[in-house]
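Me: I would like a close look at the charged side chains of this model, and at how their pairing and their exposure go together. Please take the salt bridges as the centre of the answer and bring in the surroundings where they help.

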Amino acid sequence: MTQPDVDYTQVWRDTIGTMDGDTSPRDRAYLAMVRLVGLIDSTALLAVPYEHTKETLETTLREPVRAALSSVLEHDVRLAITVDDQLRKQVEGEADQVPGQGDHGSGARPSNDEASATSDRPEAATEQTDGQPLDNGLGPDGGNTAARDGRPGTAPRPERSTPGGDMDPRLNPKYTFDTFVSGSSNRFAHAASLAVAESPARAYNPLFIYGESGLGKTHLLHAIGHYARNLYPGVRVRYVNSEEFTNDFINSIRDDKAGAFQRRYRNVDFLLIDDIQFLQGKEQTVEEFFHTFNTLHNSEKQVVITSDQPPKKLSGFAERMRSRFEWGLLTDVQPPDLETRIAILQKKAAQEGMTIPDDTLELIASKITTNIRELEGALIRVTAFASLSGQPVSVELASHVLKDIIPTGDGGTITIGTIQTEVADYFRISVEDLCGTSRSRALVNARQIAMYLSREVTDMSLPTIGKEFGGRDHTTVMHAERKIRQLIGERRALYDQITELTGLIRKASAR
Ligand SMILES: Nc1ncnc2c1ncn2[C@@H]1O[C@H](COP(=O)(O)OP(=O)(O)OP(=O)(O)O)[C@@H](O)[C@H]1O
């Protein structure tokens, strides 16, 4: 569990002090940029400003740091290291203000050359990552020890941004740790997720992440999956939304395939289960999940759970289940502050190869405050409008676009039913046709628009939306969302339809 009474800054200072005699000026420059951000049981969470700082800390400096920190804390720790954009800004701010300070030489950030040159300490490079035994049964071969060692020449460190060759179609390739912006609202959840991906079933089990819709819980689950798959080739990761878990369970009973169902969920190294609140009240499914959980936990397999509520508030789960959710680590995600929202927009824009002035990003980030999915939606609309109208993205243009999508006053709750009615009326079709099976072009188009809007303006999950549209699979909704996102910047008529429909839906919901 976390140790709130620990003065992390002081602990880190003492750690560096302990290492003083054994470190080069360059090592000290790296260490000065590191922050100790938390201690969870025996895992120390370290934040670093740059990817190459992380590399260095994970290779040459790992063992000396681990040993020094263990000695300061008077118990053995392992390290979980995350790259933190906010820290980078802070460090760069410091470097600007205090040029050439002390050991930092020409600035707080050692060059890339320096970073790679630090691998000239072979004794550290061949030691284990965390000094723990490695055989926790990961993967069919009992775990890829070479990969875990991070030994140069035996197995490369994972590419954090690029998922492995054998992509898991259930994991969204865009949801990685590299594309996740960490800030004060989610720093702990981010660090804990990384720790779990690196030390499955060791750091804490289960990891339970809760928070409101659109704050990055799914993103973190997928990131854990990608990261683990890269770090431990052959690792068996299963990501599932709890609605799919329910459907799968029901189908397995119907088809008399309980054995296959159990194998699917119990013969894994990571079970990543999203939106557990959807199991509430589904007694038999909860019972099945209880056994799945116990089997995995007993055999030291990692379970990560997300929910919109903390375990204590989850009704419809027996106490024995809720208390199990608290066995490991509970962490929440909060709505991001303005700085983090801007950083998220910057990252999304860079990812899509878009150049957007800072003042425009600030405007969008200041208008949409509580849900990151909506923040992304706003960015897409703004850039779509700019591209369609042949104008550069600017504050004026963004204000114009946002006016259409941000509700004024109390907008009321938007339901999928309202979206369906409005979309059906707009295209002069019936709701039955909208949700039916016809593949006629006009109906498919209207259906995809309605699904896209359901995703954008409600908090409903992909499986819920799929169910509301004639019992479709969540992948159909995902496809619709991606397709409309792509086309909205290419087709003016589509952009106008969606803008108009958003207004109509909001108006109908406010009535
Ligand atoms: N910190 C972040 N950095 C970058 N992108 C983020 C961050 N947090 C959320 N996002 C993005 O916001 C969108 C919504 O996030 P996500 O689906 O993970 O939310 P969620 O908490 O799982 O919501 P729900 O409970 O509705 O499923 C995703 O596209 C995700 O990539």
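Reply: What follows starts with the chain as a whole, goes on to the charged pairs, and then turns to surface patches and a few backbone details.

The model is predicted, and the values given here are computed from it. The chain contains 24 helices and eight strands, and of its 511 residues 54% count as buried. Its exposed area comes to about 21900 Å², of which carbon and sulfur atoms supply 49%. Among contacts between residues at least 6 apart in sequence, 74% join residues at least 24 apart.

With a nitrogen-to-oxygen cut-off of 4 Å for the pairing of Lys or Arg with Asp or Glu, the count comes to 21 salt bridges. One of them is formed by Arg66 and Asp76, whose closest N and O atoms are 3.9 Å apart. This pair links distant parts of the chain, with Arg66 in helix H4 (residues 62-73) and Asp76 in the loop between H4 and strand E3 (78-83), 10 residues apart. The two partners can be set side by side by their accessibility: Arg66 counts as buried because its relative accessible area is 10%, whereas Asp76 counts as exposed because its value is 53%.

A second pair joins Arg170 to Glu244, the closest N and O atoms being 3.1 Å apart. Here too distant parts of the chain are linked, since Arg170 sits in the loop between helix H8 (145-149) and helix H9 (187-198) while Glu244 belongs to helix H11 (residues 242-254), with their positions 74 residues apart in the sense that they are 74 residues apart. Arg170 has a relative accessibility of 32% and therefore counts as partly exposed, and Glu244, at 14%, counts as buried.

A third pair is made by Arg320 and Glu287, whose side chains meet in a salt bridge at 2.8 Å, N to O. Arg320 in helix H14 and Glu287 in helix H13 (residues 283-298) are 33 residues apart, and the pair again links distant parts of the chain. Arg320 is partly exposed, with a relative accessible area of 38%, and Glu287 is also partly exposed, with a relative accessible area of 32%.

Beyond these pairs, a network of salt bridges links Lys348, Glu376, Arg455, Glu481 and Arg485.

Helix H14, which spans residues 319-325, also holds Arg322. The side chain environment of this arginine is worth following, because Arg322 has a relative accessibility of 19% and falls under the 20% limit for buried residues. Leaving aside residues up to four places away in sequence, Arg322 touches Pro311, Lys312, Leu314 and Phe317. Of these, Pro311 is 11 residues from Arg322 in sequence, and their C-alpha atoms are 5.4 Å apart in space.

Charged residues also gather in patches on the surface. A negative patch is formed by Glu212, Asp308, Glu374 and Asp459. Within this group, Glu374 is found in helix H17 (residues 372-389), and its relative accessibility of 32% is why Glu374 counts as partly exposed. A positive patch is formed by Arg439, Arg441, Lys483 and Arg491. Arg491 lies in the loop between helix H23 (474-487) and helix H24 (492-510), and it counts as partly exposed because its relative accessibility is 47%. Residues enter such patches only if they have over 30% relative accessible area and no salt bridge, so the members of both patches are charges without a salt-bridge partner under this rule.

Some backbone details complete the view, and two of them concern aspartates. Most residues other than glycine have a negative phi, and most peptide bonds are trans. Asp256, in contrast, has a positive phi near 60 degrees, and its place is in the loop between H11 and helix H12 (258-266). Asp256 counts as exposed because its relative accessibility is 72%. Asp275 has a positive phi as well, near 55 degrees, and lies in the loop between strand E6 (270-274) and H13. With a relative accessibility of 12%, Asp275 counts as buried. Finally, the peptide bond from Asn205 to Pro206 is cis, with omega near 0 degrees, and Pro206 is placed in the loop between H9 and strand E4 (207-210).

Notes. Residues are numbered from 1 along each chain as its sequence is written. This is a predicted model: local features need pLDDT of at least 70, side-chain atom pairs count only at pLDDT 80 or more; totals for chains, interfaces and linings use all residues. Side-chain values use heavy atoms; hydrogens and water are left out. Patches are made of residues with over 30% relative accessible area and no salt bridge: like charges are joined within 9 Å, nonpolar side chains (Val, Leu, Ile, Met, Phe, Trp, Tyr) within 5 Å. Accessible areas come from the Shrake-Rupley method with a 1.4 Å probe; for residues, only the protein chains shown count as cover. Lys and Arg count as positive and Asp and Glu as negative; His and the chain ends are not counted. The place of a charge is taken as NZ of Lys, CZ of Arg, CG of Asp or CD of Glu. Helices (H or I, at least four residues) and strands (E, at least two) are DSSP runs, numbered from the N terminus. Buried means under 20% relative accessible area, exposed over 50%, partly exposed in between (1.4 Å probe, protein chains only). Contact means heavy atoms within 4.5 Å.
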